[in-house]
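User: I'm new to reading protein structures and would like a close look at a single part of this one. Could you pick up one helix and walk me through what surrounds it?

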Amino acid sequence: MSPIRTESEAALSATELNARIRELWADGELPDDRRPEYEALVVEWAAAAREDVRPAA
């Protein structure tokens, strides 16, 4: 998977991004060649997680 995201991939939820991050670590360690992808997913996950937070009433 390329670390460059398309517009449709950029709209993934925090849950979907978390699942992709977990897939990268499925063997218990992150392959060096997948680190850029992992870093991009973590940044996207953090942004999506902030969007999922709703202010208290």
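Analyst: Sure, let's start with a tyrosine. Tyr-38 has a relative accessibility of 22%, so it counts as partly exposed, given that buried means under 20%. Keep in mind that this is a predicted model, so read everything below as a description of that model.

Before going further, here's the whole picture. The protein has three helices and zero strands, which gives the pattern α-α-α when you read along the sequence. Of its 57 residues, 23% are buried. The accessible surface comes to about 4400 Å², and carbon and sulfur atoms account for 53% of that. As for how the chain meets itself, take the contacts between residues at least 6 apart in sequence: 59% of them join residues at least 24 apart.

The part to look at is helix H3, which covers residues 35-52. Back to the tyrosine, then. What does Tyr-38 pair with? The count of aromatic pairs comes to one. In that pair, the ring centres of Trp-25 and Tyr-38 are 5.8 Å apart and the planes sit at 75°, so the pair is edge-to-face, since the cut-off for that label is over 60 degrees. The pair links distant parts of the chain: Tyr-38 belongs to helix H3, while Trp-25 is in the loop between H2 and H3, 13 residues apart. Trp-25 is partly exposed too, because its relative accessibility is 35%.

There's a leucine that touches both rings' residues. Setting aside residues up to four places away in sequence, Leu-30 touches Trp-25 and Tyr-38, along with Leu-24 and Arg-35. Hold on to Leu-30, as we'll meet this residue again in the core.

Next, look at Glu-37, also in helix H3. Is Glu-37 buried or exposed? Its relative accessible area is just 5%, so Glu-37 counts as buried. What does its side chain meet? There's a polar contact at 2.8 Å with the side chain of Arg-34. These two side chains also form a salt bridge, again at 2.8 Å, N to O, and the structure holds one salt bridge in total. The partners are covered differently, though: Arg-34 has a relative accessible area of 30%, so Arg-34 is partly exposed, whereas Glu-37 is buried.

Now move along to Ala-48, another residue in helix H3. With a relative accessibility of 8%, Ala-48 counts as buried. Which residues does Ala-48 contact, once neighbours within four places in sequence are left aside? The list is Leu-12, Ser-13, Ala-14 and Leu-17. Ala-11 comes into the picture as well: its C-alpha atom is 8.4 Å from that of Ala-48, although the two residues are 37 apart along the chain.

That brings us to the largest nonpolar core, which has eight residues: Leu-12, Ala-14, Leu-17, Ile-21, Leu-24, Leu-30, Leu-41 and Ala-48. Helices H2 (14-24) and H3 each supply at least two of these residues. H2 gives the largest share, four residues. You'll recognise some names here: Leu-30 is a member, and so is Ala-48, whose contacts Leu-12, Ala-14 and Leu-17 belong to this core as well.

To pull it together for helix H3: Tyr-38 takes part in the aromatic pair with Trp-25, Glu-37 meets Arg-34 in the salt bridge, and Ala-48 is part of the largest nonpolar core.

Conventions:
Residues numbered from 1 in each chain as written. Predicted model: local features only at pLDDT ≥ 70, side-chain atom pairs only at ≥ 80, totals over all residues. Heavy atoms only, no water. Helix = DSSP H or I, 4+ residues; strand = E, 2+ residues; numbered from the N terminus. Buried < 20%, exposed > 50% of the residue type's maximum accessible area, 1.4 Å probe, protein only. Polar contact = N/O pair within 3.5 Å; in protein donor to acceptor, adjacent residues only side chain to side chain. Contact = heavy atoms within 4.5 Å. Salt bridge = Lys/Arg side-chain N within 4 Å of Asp/Glu carboxyl O. Core = buried A, V, L, I, M, F, W, Y, C linked by side-chain atoms within 4.5 Å. Areas by Shrake-Rupley, 256 points an atom, 1.4 Å probe, with all protein chains shown as cover. Phe/Tyr/Trp six-rings, centres within 6.5 Å; stacked < 30°, edge-to-face > 60°.
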